[in-house]
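User: Take one part of this model and look at it closely for me, please. Start at the packing of a helix, then spend your time on the sheet and the empty space around it.

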Amino acid sequence: MLDDALTIADLKDKARRRVPKMFFDYADSGAWTESTYDANESDFAKILLRQRVLVDMTDRNLASEMVDEPVSMPVALAPTGFCGMQHADGEILAAQAAEAFGVPFCLSTMSICSIEDVAAATTRPFWFQLYVMRDRGFCENLIARAKAANCSALVLTLDLQILGQRHKDLRNGLSAPPKWTPKHAWQLATRPLWCLGMAGTRRHSFGNIVGHAANVGDLSSLASWTKEQFDPRLSWDDVAWIKERWGGKLILKGILDPEDARMAAGTGADAIIVSNHGGRQLDGARSSISALPAIVEAIGGRMEVHVDGGVRSGQDVLKAVALGAKGVWIGRPYLYGLGAGGKAGVTRTLDILRNELDVTMALCGRRDIRAIDADILDTAPGL
C-alpha cells in the first residue's frame with residue numbers, strides 16, 4: 001500500500017523492506033564519513049519560512065519552466081545509476097511517471113535500461129546525462145544515440161573524474177547483476193517480490209554500455225572497462241567539444257564553487273546544477289543548498305541555476321526556489337518511491353512533494369511559484 005506513505009521518509013522505509021540491501025545502500029549512502037551527505041539534508045532544516053495570514057490563497061499555480069520547457073512544478077528527476085536495480089525496468093517506469101506528471105526525467109549513462117529502451121516506452125522527449133569517458137568515440141556515440149532518441153537536453157556531469165569512495169558499496173560488493181555469493185544470495189532470498197520482478201525483465205546490466213563500448217560484450221569485460229574509463233583529464237575544453245557535437249540544450253551538473261560557476265557561464269550552456277553529487281564525491285564539501293546563494297549571485301542571471309542534493313520535501317523545493325533555483329532535482333526521493341512501488345511509487349513521491357510545496361507556498365502567503373523570492377524566508381535571529 002502506497003496511500004499510507006505520507007512523507008518521503010515513509011517511502012524510504014518501504015523501499016528498505018523491498019529492495020536488496022546492496023542496491024538500497026547504493027541509493028542511500030555518501031562518500032567516506034558521509035558528512036556532506038548528511039549536511040545536504042540538515043542544512044535545509046536551518047532555513048526558516050515566514051508565515052503570513054489573511055491573504056488570498058486561492059488559484060495557486062506551481063507550473064513553471066526549466067530550460068524553456070514547461071513543467072507542472074519546478075522539479076526534475078535526476079540521473080541516477082543502477083536505477084533499474086531499485087525495481088525491474090526502473091528507468092522506464094520512472095520516465096513514464098515523470099511524463100504523466102509533467103516533470104522532466106533525466107536518464108543516466110550508467111542506467112540499466114538503455115536510451116533506446118526508455119525512448120520506446122515514452123511519448124515525450126526526456127533528458128540524457130553524459131559521463132565523459134577516455135574513449136571519446138564512445139562519448140560521440142552516446143551523444144548520437146541521445147539525438148536519435150530525441151532527447152531534448154544533455155546534462156554533462158563534471159564532478160566524477162575520479163570516483164569518490166563509498167564504503168557501503170565496497171562492503172556490499174555492489175554489482176549489476178548481483179554476484180552469486182552466500183551474502184548476496186541471502187539478500188535476494190529475503191526480497192522475493194524484487195526477485196520476481198527481475199525475473200520478468202531482460203534488463204540486468206548497463207544498457208548504454210554493454211554492446212556499445214569497444215570490447216565490452218559481457219559483464220566480465222564491463223567491470224574492467226568502467227574502472228579504466230572515467231577521465232581525470234576532463235577540462236573546460238571538453239565542455240566546448242561536447243557542446244559542438246550536441247548542438248542542443250546543455251546543462252552542466254556538479255558546480256559547487258562561485259568561481260566554477262563563472263567559468264560555466266562562459267561556456268554558453270543553458271543551465272548549471274549546483275550539486276555535490278549527493279554527497280557521494282568530495283566528503284567535507286559544503287551542502288548544495290548552502291552553496292546556492294553565492295552561485296546565483298556569481299551567475300548574475302546569465303543562465304538558469306538549478307540545485308540538487310538533500311531535497312526530502314516540498315518545503316525543501318520551495319526554499320531552494322526562494323534562494324534562486326529555477327529548478328530543483330530529486331534523486332533519492334524518487335528512488336525510494338521506485339523501490340517501494342515501481343511507477344506508482346514514483347508518482348506517489350511526486351504527489352507528496354507537490355502537496356507539500358502547494359500548502360507551504362499558500363501558508364507563506366504566495367500563490368504563484370514563479371513569483372517566489374527570498375522574501376518568504378525568515379532571516380530573524382532565532383530565540
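Analyst: The buried residues of helix H1 (8–18) pack against four other helices: H2 (21–27), H3 (35–45), H9 (192–199) and H15 (332–363). Here contact means heavy atoms within 4.5 Å, and buried means under 20% relative accessible area, exposed over 50%, partly exposed in between, for a 1.4 Å probe on protein chains only. Helices (H or I, at least four residues) and strands (E, at least two) are DSSP runs, numbered from the N terminus.

Before going on, two notes on provenance. This is a predicted model, so local features need pLDDT of at least 70 and side-chain atom pairs count only at pLDDT 80 or more, while totals for chains, interfaces and linings use all residues. Residues are numbered from 1 along each chain as its sequence is written, and side-chain values use heavy atoms, with hydrogens and water left out.

Back to H1. Its buried residues are Ile8, Leu11, Lys12, Lys14, Ala15 and Arg18. They fall within an arc of 165° seen down the helix axis, so they line one face of H1; the arc is taken over the directions from the axis to the C-beta atoms.

Now the sheet. Eight strands form an open sheet in the order S4-S11-S10-S9-S8-S7-S6-S5, with parallel pairing. Two strands count as paired if DSSP finds at least two bridges between them. The edges are S4 (75–77) and S5 (106–107), each of which pairs on one side only.

Come in from the S5 edge. S5 and S6 (127–130) run parallel and are joined by two bridges, and Cys106 has Trp127 as its bridge partner in S6. Trp127 also turns up on the next seam, where its bridge partner in S7 is Ala153. S6 and S7 (153–157) pair in the parallel sense over four bridges. Between them sits helix H6 (136–148), and S6, H6 and S7 make a right-handed β-α-β unit. Right-handed means that, with the strands pointing away from the viewer, the path from the first strand over the helix to the second runs clockwise.

How buried is S7? Five of its five residues are buried, so the strand is largely enclosed by the rest of the structure. Ala153, Val155 and Thr157 point one way, Leu154 and Leu156 the other, and all are buried. On its other seam, S7 runs parallel to S8 (249–255) with five bridges joining the two, and Leu154 stands opposite Leu250 there.

Further along, S10 (304–308) tells a similar tale: five of its five residues are buried, so it too is largely enclosed by the rest of the structure. Glu304, His306 and Asp308 cover one side and Val305 and Val307 the other. S9 (271–274) pairs with S10 in the parallel sense over four bridges, with Ile272 partnered by Val305. Helix H13 (288–299) joins S9 and S10 in a right-handed β-α-β unit. On the S11 (327–330) side, S10 is held by three bridges, again parallel, and Asp308 has Trp329 as bridge partner. The chain gets from S10 to S11 through helix H14 (314–322), in a right-handed β-α-β crossover.

Now for the empty space. On a 1 Å grid over the protein atoms alone, a cavity is a set of points where a 1.4 Å probe fits but cannot get out; a pocket is an open set with protein on both sides within 12 Å along at least five of seven lines; lining residues have an atom within 4 Å of a point. Grid points are joined across faces, edges and corners, and a volume is the space filled by probe spheres set on the points.

The second largest pocket has a volume of about 510 Å³. Of its 22 lining residues, the closest to the centre are Leu158, Asp159, Gln161, Gly254 and Asp260. Helix H11 (236–246) and S8 are the elements that give two or more residues to that lining.

As for closed space, the structure holds one cavity of 30 Å³ or more. The largest cavity contains about 50 Å³ of space. Its lining is Tyr131, Val132, Thr157, Leu160, Gln161, Phe230, Asp231 and Leu234. Thr157 brings us back to S7, where it is one of the buried residues.
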